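Dear colleague,

Please find below the structure that I am handing over to you. My notes on its pockets, cavities and surface follow directly after it.

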Amino acid sequence: MQRNIDWEKLKQHYQTIAAIEMSDLFRQDPKRFDTFSIEAPEIFLDYSKNRITHETLALLLKWAESRSLDQAIDALFSGKILNITEQREALHTALRNHQQNSFLVHNQNIMPAIRRTLAQMRQFVDQIHNHQWLGATQKPITDCVNVGIGGSDLGPRMATFALQPYSRQKVKCHFVSNLDGAQLSETLQPLNPETTLFIVASKTFTTSETLTNARSARKWLLDALQDSNAMARHFIAVSANIPEAKAFGIPEENIFEFWDWVGGRYSLWSAIGLPIALSIGMDRFEALLEGAQAMDRHFQTTAFEKNMPVQMGLLNIWYRNFYEIQTHAIIPYAHHLQFFPSYLQQLFMESNGKTCCVDGVRTDIQTGEIIWGGVGTDGQHAYHQWLHQGTQWVPVDFILPIEAHHDLESHHPLLFANCLAQSQVLLQGKTEQEAYEELLQKDTTSKQAKELAKHKVMEGNRPSNTLLIKKLTPSALGALIALYEHVVFVQGALWNINSFDQWGVELGKTRAKAIVNRLHPANFEEEPPLDSSTAGLMQRFTEHTKNS
């Protein structure tokens, strides 16, 4: 990344405030919360508990301007080729822009194709829900198994579970992604082949994990029904490779198209979101899209000072490149968001885990973050101990709905209080003197209190964001997902890396194909020679399988 004078000013500023105490900042500015908070569609962000001052943000924004972030945002929404290594656009935002009548890609208007696919999805979902689409034995579909991996699994799985309170309960959705046959076997075991629908979700329709699972699912179905025509009533494909889907045995009328300009981890807005629509209905699926589009407009049109994705992206860069913090925790205080940290793990780490800049030069700064997390309050009895007293601090995003989807009145205020308490403790911590005085109030002797107080010290001064949503609705979820998509984009654009390819994923798949071929005894000694570790492990596997 080309360093400039604004970057050097940030480095100098960091050296002056590196040890800043956030508690002091709150004492100095009673209105800090009002100053460091942003309202965007469906989401309120409190970022006052961060190790920043007004000067920090001013310098970060000046640096972002010098890096032409505004031009990068324009390029995202105007359809320019951003995935330079594959010469592809990144037009996931077009999938949720229903107000636009024309969007040209290679001189072709893509909006009619997007609307056509949405109409196809609506017709199919209505047919399933109204029992107009029947299985091969004329029974209604009761279960849908989505067979995919990566973005073809994580997005629809996360959103389907997140929106369970809105489920039509017409069809139960299941998800199979792992090549370990245990997952598919255990998923299929309680299902009835006569009432089960499979969605094979693969952009290329060549992904080995997905196709291996799909072939086993096809065999399970055909063995049970003894009807070679059953595929037409029980298998759907979502793919950009229609010929391969047809060759698999799926009729063309059962294929939902999506396109090269949609990256896998950005694809739940397309027909990849079919399981979401089957679960909650198309009206609510379109509300999901509308929530995302509202966030798109905020990102595209709001000044950087009050632009939520821009501010969050800059904060992440501040901690990654100046404090050299490697990880970032995402902790939703919402049971239905339990798959959200895993979804964001792919979004962030597959997008920005890169060493090469767009110009082919190796980056000279750290890019990407290790994203991890889980739901509160479960984490409070696990890794929160490390968050509060570990030797390495990390920034945390707390995500919290104000309204619940249940009527257990005593639960939600307690959940809300627990979330706020965690961010407050990260901010304030506890001094040894405070711990000592608390122990004295519990009839502990002075000597015992002095010894024990050391173990109760929490340094505090650990940053966090709190994102409030009124209620976890389809629209709110859409806005939340789009927010983090744009945070990732901001970071990638400013780091000058390509956030839309994934060559590290591709190489592993290629090597796996070569190794599985050489596991056959006749091919074991093929060239090129293997390293001794890989060869030794393969030898143990083949000997065991031969003798078992």
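A cavity, as the word is used here, is a set of grid points where a 1.4 Å probe fits but cannot get out. Please note that this is a predicted model.

Enclosed spaces

A search of the whole structure finds two cavities of 30 Å³ or more. The second largest cavity has a volume of about 30 Å³. Its lining is made by N50, L315, N316, Y319, H328, P395, V396, D397, P463, S464 and N465. Helix 14 (308–321), strand 14 (396–401) and strand 15 (464–469) are the elements that each give two or more residues to this lining. Helix 14 provides the largest share, with three residues. Sorted by class, the lining of the second largest cavity holds five nonpolar residues, five polar residues and one charged residue.

The largest cavity contains about 50 Å³ of space. Around this cavity lie L95, I114, T117, L118, M121, W259, W269, S270 and A271. Seven of these lining residues are nonpolar and two are polar, while no charged residue takes part.

The open pocket

The largest pocket has a volume of about 800 Å³. It is lined by 36 residues, of which T204, T207, Q502, E506 and K509 are the closest to its centre. Two or more lining residues come from each of strand 4, helix 7 (151–162), helix 9 (208–225), helix 15 (340–352) and helix 21 (503–518). Which of these elements gives the largest share of the lining? That element is helix 21, which contributes six residues. By class, the lining of the largest pocket comprises ten nonpolar, 15 polar and eleven charged residues.

The surface

On the surface, I81, I84 and V358 form a nonpolar patch of about 190 Å². I84 is located in the loop that connects strand 3 (81–83) with strand 4 (88–89). Why can I84 belong to a surface patch? Residues in a patch need over 30% relative accessible area, and I84 is partly exposed, with a relative accessible area of 34%, so I84 passes this cut-off. Strand 4, at one end of that loop, is also among the elements that line the largest pocket.

For reference when you view the structure, the places to look up are the largest pocket, with helix 21 in its lining, the two cavities, and the patch of I81, I84 and V358.

With kind regards

Conventions. Residues are numbered from 1 along each chain as its sequence is written. This is a predicted model: local features need pLDDT of at least 70, side-chain atom pairs count only at pLDDT 80 or more; totals for chains, interfaces and linings use all residues. Side-chain values use heavy atoms; hydrogens and water are left out. Patches are made of residues with over 30% relative accessible area and no salt bridge: like charges are joined within 9 Å, nonpolar side chains (Val, Leu, Ile, Met, Phe, Trp, Tyr) within 5 Å. Accessible areas come from the Shrake-Rupley method with a 1.4 Å probe; for residues, only the protein chains shown count as cover. A salt bridge is a side-chain nitrogen of Lys or Arg within 4 Å of a carboxyl oxygen of Asp or Glu. Helices (H or I, at least four residues) and strands (E, at least two) are DSSP runs, numbered from the N terminus. Buried means under 20% relative accessible area, exposed over 50%, partly exposed in between (1.4 Å probe, protein chains only). On a 1 Å grid over the protein atoms alone, a cavity is a set of points where a 1.4 Å probe fits but cannot get out, and a pocket is an open set with protein on both sides within 12 Å along at least five of seven lines; lining residues have an atom within 4 Å of a point. Grid points are joined across faces, edges and corners, and a volume is the space filled by probe spheres set on the points. Ala, Val, Leu, Ile, Met, Phe, Trp, Tyr, Cys and Pro count as nonpolar, Asp, Glu, Lys and Arg as charged, and the others, Gly among them, as polar.
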